[in-house]
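Here is a friendly tour of how the strands and helices of one protein chain fit together. Keep the picture beside you and look up each part as it comes.

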Amino acid sequence: MSEREQALVIGDRQIRYRLRISTRAKRIRLEVTHDKGLLVVVPKRYRLTDVPILLRSKSSWILRKLDLVARERSESPGTSANKLQDGAQVLYRGNHLVLSVLKKNGGKAEARLVGDHLRIVTSGSERPVEAVLDAWYRREANRVLRERVADLAARFGVSYSRVFVRNQRTRWGSCSTRRNINLNWRLILMPDEVINYIVIHELTHLEELNHSKRFWELVGIRCPNYRQYKTWLRRNSPALMQR
């Protein structure tokens with residue numbers, strides 16, 4: 001699989017995109033993501049001179065998606081360093097926690113959950129609030145997500161090999177042929193029932209490797225409200241992926 005940066009003028013706009021040539025792709029795929037913009041995936045034998053023609057034929061969809069992503073990025077609440085002040089709110093398992101920030105020179109930087117407050121002690125510029133918060137999020141994600149996979153796998157009688165909590169930028173979860181479960185650490189921002197749905201989705205893929213009718217039947221048995229959670233993800237994923 002190879003990838004290259006390309007540019008194309010559509011109307012009065014220059015659109016930059018990533019062109020990926022895939023040996024596994026059977027057809028052309030277009031994606032627009034918050035972090036990397038437009039991605040064009042083409043099969044290995046596709047004639048590359050036809051790519052600009054294809055993109056111009058899809059120009060309305062591409063421009064609409066790019067504008068939507070730009071708007072969502074500007075409206076995203078984010079957690080930039082200048083917003084992470086004492087009294088600010090951050091997400092944790094679908095709830096808002098209030099930050100209690102104490103800055104001091106020297107000592108250990110740490111974060112501790114006390115009720116609905118997250119107490120963060122920083123050591124000044126060397127360990128800003130954002131870094132302490134990120135470290136805490138990732139520790140919690142490793143703890144909570146591993147426990148959730150173990151509990152749900154035992155409940156439904158599904159076996160798996162290992163759980164990896166990763167910094168994925170385009171997906172919430174996946175599973176491998178080695179029966180490993182990969183989960184995005186940002187799941188820790190979501191409500192517990194949505195976390196459960198994603199874990200159930202990946203565990204079910206260990207039994208049904210595609211999105212067949214049987215797959216969705218199993219998901220529906222294990223997570224009856226899964227359609228509601230899919231809608232929640234569609235609405236909230238863009239902002240959460242910016243974290």
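Strand 6 and strand 8 run parallel to each other and are joined by six bridges. Keep in mind as you read that this is a predicted model. From this pair we can build up the sheet around it, then turn to a second sheet, the helices and the salt bridges.

**The four-stranded sheet**

- Within the strand 6 and strand 8 pair, L102 has V121 in strand 8 as its bridge partner.
- These strands belong to an open sheet of four strands, in the order 5-6-8-7, and its pairing is mixed.
- Which strands stand at the edges? They are strand 5 (89-92) and strand 7 (110-114); each has a single partner strand, so one of its sides has no neighbour in the sheet.
- On average, neighbouring strands here are turned by 35° against each other, direction ignored.
- Strand 5 and strand 6 (residues 95-103) run antiparallel and are joined by four bridges.
- Two residues of strand 5 help you find this pairing: Q89 has V98 in strand 6 as its bridge partner, and V90 stands opposite L97 in strand 6.
- Strand 5 and strand 6 also form a hairpin, with two residues between them. In the turn, R93 has a positive phi of about 55°.

**The three-stranded sheet**

- Another open sheet has three strands in the order 9-11-10, again described by mixed pairing.
- Its edges are strand 9 (163-166) and strand 10 (173-175); each has a single partner strand, so one side of each is left without a neighbour in the sheet.
- From one strand to the next, the twist averages 20°.
- How do strand 9 and strand 11 run, parallel or antiparallel? Strand 9 and strand 11 (residues 181-184) run parallel, joined by four bridges.
- A pair to look for here is V165, which stands opposite L183 in strand 11.
- Helix 3 packs on this sheet and touches strand 9 and strand 11, with its direction at about 145° to that of strand 9.
- Helix 4 lies across strand 10 and strand 11, and runs at about 155° to strand 11.

**Helix 3 meets helix 4**

- Helix 3 (residues 129-156) packs against helix 4 (residues 192-205) at an angle of about 60°, and their axes are 10 Å apart.
- That angle is outside the ranges for roughly parallel, roughly perpendicular and roughly antiparallel, and helix 3 and helix 4 are therefore oblique to each other.
- The crossing of these two helices, helix 3 and helix 4, is right-handed.
- On the helix 3 side, the contact has L145, R148, V149, L152, A153 and F156; on the helix 4 side, it has D192, I195, N196, V199, I200 and L203.
- Sorted by class, the residues in this contact of helix 3 with helix 4 are nine nonpolar, one polar and two charged.

**Helix 4 meets helix 5**

- Helix 4 and helix 5 (residues 213-222) pack at an angle of about 140°, with 10 Å between their axes.
- This makes helix 4 oblique to helix 5.
- The crossing of helix 4 and helix 5 is right-handed.
- Helix 4 brings Y197, I200, H201, T204 and H205 to the contact, where they meet F215, W216, L218, V219 and R222 of helix 5.
- Six nonpolar, three polar and one charged residue make up this contact of helix 4 with helix 5.

**Helix 4 meets helix 6**

- Helix 4 packs against helix 6 (residues 226-241) at an angle of about 105°, with their axes 10 Å apart.
- How do helix 4 and helix 6 lie, roughly parallel or roughly perpendicular? Helix 4 and helix 6 are roughly perpendicular to each other.
- The meeting residues are E193, V194, Y197 and I198 of helix 4 and Y226, Y229, K230, W232 and L233 of helix 6.
- The contact of helix 4 with helix 6 has seven nonpolar, no polar and two charged residues.

**Salt bridges**

- Side chains of opposite charge can pair when their charged atoms come close.
- How many salt bridges does the structure hold? There are eleven salt bridges.
- One of them is formed by D67 and R13, whose closest N and O atoms are 3.1 Å apart.
- This pair links distant parts of the chain, since D67 is in helix 2 (residues 59-75) and R13 is in strand 2 (residues 13-22), 54 residues apart.

Technical notes: Residues numbered from 1 in each chain as written. Predicted model: local features only at pLDDT ≥ 70, side-chain atom pairs only at ≥ 80, totals over all residues. Heavy atoms only, no water. Axes fitted to C-alpha atoms, helices over the stretch in contact; angles between N-to-C directions. Parallel < 35°, antiparallel > 145°, perpendicular 65-115°, else oblique. Left-handed = near helix turned anticlockwise from the far one by under 90°. Contact = heavy atoms within 4.5 Å. Nonpolar A, V, L, I, M, F, W, Y, C, P; charged D, E, K, R; others polar. Pairing = 2+ DSSP bridges. Salt bridge = Lys/Arg side-chain N within 4 Å of Asp/Glu carboxyl O.
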